[in-house]
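Subject: Structure handover

Dear colleague,

Here is the structure that I promised to pass on to you, with the sequence beside it. Please open both before reading my notes below, which take the metal sites and then some of the helices.

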Amino acid sequence: MPLTVHQFPCLSDNYGFLIRDEATGLAACVDTPDAAAILAELKTLGWNLALIMNTHWHPDHAGGNAEIQKATGAKIVGPAEVRRIAPLDRELAGGDAVELGQTRFEVIEAGGHTLGHIAYYDAADRIAFVGDTLFALGCGRIFEGTAEQMWTSLQRLAALPDDTAVYCAHEYTASNARFALSVDGDPALKARAEEIFAARERGEATVPTTIALEKATNPFLRAPMLAAQVNAAGKPAYEAFAAVRAAKDNFKG
Ligand code: ZN
Ligand code: FE
């Protein structure tokens, strides 16, 4: 495969992602949760960092930009909002493209968690880095945008090919599964939740996921269907989504 992804835990529940375009040997990191951890992984791998790709401005995603750039000289690309806390060399927005050697990433507008949040999609390899927009069995909290904006962003991601590998920025899956089971009795979800609990018991990552798996079992993507079951049919899809999102915000479990 022309793009190699090296994934490792960072901070309490983030993932660090170092990627390499195998045709040219150029490497990038997607978000910078922990500069020291990322620089240590780079050293172990022996990779040379050319690029830092941010998804949004939150400190657990852009907080390591300055230190990693200082140590490696990598260029930083991301949404303009990153400038609130960290250096940025090139501003990106939906519809732009970023190249890492021969690998091309399409920039997908994914606002809602933050207003300027973006995702990166490598169509040739069917790999997407989605930050805090879509999680395995979950989605990001809506801090800056509206439910309608978040729903639209999630629909853009759901429209990617079914076999796209989806790299989410956090390991929230077990707690997402507990919430999902509280709102959805679907057998496919139950089976997946059992697998997730078992994987986490063994200390295994549940990221990446796939678009097909999320479309089938993620309660946020299934929100209109769930709402129809509880008699909210006829409302716009994003209102059904908003109701499930609000339930998750208040979920204790
Ligand atoms: Zn965030
Ligand atoms: Fe985050």
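**The two metal ions and their surroundings**

His58 and Asp132 are both buried. Please keep in mind as you read that the model is a predicted one.

These two residues belong to the site of the zinc ion (ligand 1), whose protein donors are His56 through NE2, His58 through ND1, His113 through NE2 and Asp132 through OD, at distances of 2.2 to 2.3 Å. Along the chain, the donors of the zinc ion (ligand 1) follow the spacing H-x1-H-x54-H-x18-D. His58 sits in the loop between strand E4 (48-53) and helix H2 (59-62), while Asp132 sits in the loop between strand E10 (127-131) and strand E11 (134-135), so this pair ties together parts that are 74 residues apart in sequence. The angles subtended by the four donor atoms around the zinc ion (ligand 1) run from 85 to 173°, and the arrangement is therefore irregular. For four donors to count as tetrahedral, all angles would have to lie between 85 and 135 degrees.

The iron ion (ligand 2) has as its protein donors Asp60 (OD), His61 (NE2), Asp132 (OD) and His170 (NE2), which lie 2.1 to 2.3 Å from it. Here too the site is irregular, with angles of 85 to 167° among the four donor atoms. The donor residues of the iron ion (ligand 2) are spaced D-H-x70-D-x37-H in sequence. Asp60 is part of helix H2, whereas His170 is in the loop between strand E13 (165-168) and H5, so the pair ties together parts that are 110 residues apart in sequence. His170 counts as buried because its relative accessibility is 3%, and the cut-off for buried is under 20%.

Which residue coordinates both the zinc ion (ligand 1) and the iron ion (ligand 2)? That residue is Asp132, and the two ions which it bridges are 3.2 Å apart.

The loop between E4 and H2 also holds Asn54, which counts as buried because its relative accessibility is 0%. Leaving aside neighbours within four places in sequence, Asn54 is in contact with a number of residues, including Asp31, Thr32, His61, Asn65, Gly78 and Tyr120.

**Two helices, H4 and H6**

Helix H4 (residues 147-158) has twelve residues and spans 16 Å from its first C-alpha to its last, close to the 16 Å expected at 1.5 Å a residue. Its buried residues are Ala147, Met150, Trp151, Ser153, Leu154, Leu157 and Ala158. These cover an arc of only 160° around the axis, which puts them on the same side of H4.

Helix H6 (residues 187-201) has 15 residues, and its reach of 21 Å between first and last C-alpha is close to the 21 Å expected at 1.5 Å a residue. Within H6, the residues Leu189, Arg192, Ala193, Ile196 and Ala199 are buried. Seen down the axis, the buried residues of H6 fall within an arc of 125°, so they line one face of the helix, and they pack against helix H5 (173-183), strand E14 (209-210) and helix H7 (211-217). On the other side of H6, Pro187, Glu194, Glu195 and Glu201 are exposed.

Both ends of H6 deserve a look as well. At its start, a side-chain oxygen of Asp186 comes to within 3.1 Å of the backbone nitrogen of Ala188, and H6 is followed by Gly203, which has a positive phi, near 80°.

With best wishes

Methods:
Residues numbered from 1 in each chain as written. Chains lettered and ligands numbered in written order. Predicted model: local features only at pLDDT ≥ 70, side-chain atom pairs only at ≥ 80, totals over all residues. Heavy atoms only, no water. Helix = DSSP H or I, 4+ residues; strand = E, 2+ residues; numbered from the N terminus. Expected span 1.5 Å × (residues − 1). Buried < 20%, exposed > 50% of the residue type's maximum accessible area, 1.4 Å probe, protein only. Arc of directions from axis to C-beta. Contact = heavy atoms within 4.5 Å. Polar contact = N/O pair within 3.5 Å; in protein donor to acceptor, adjacent residues only side chain to side chain. Donors = N, O, S within 2.8 Å, 3.2 Å for Na, K, Ca; no water. Tetrahedral: all angles 85-135°; square planar, octahedral: opposite > 155°, others 65-115°.
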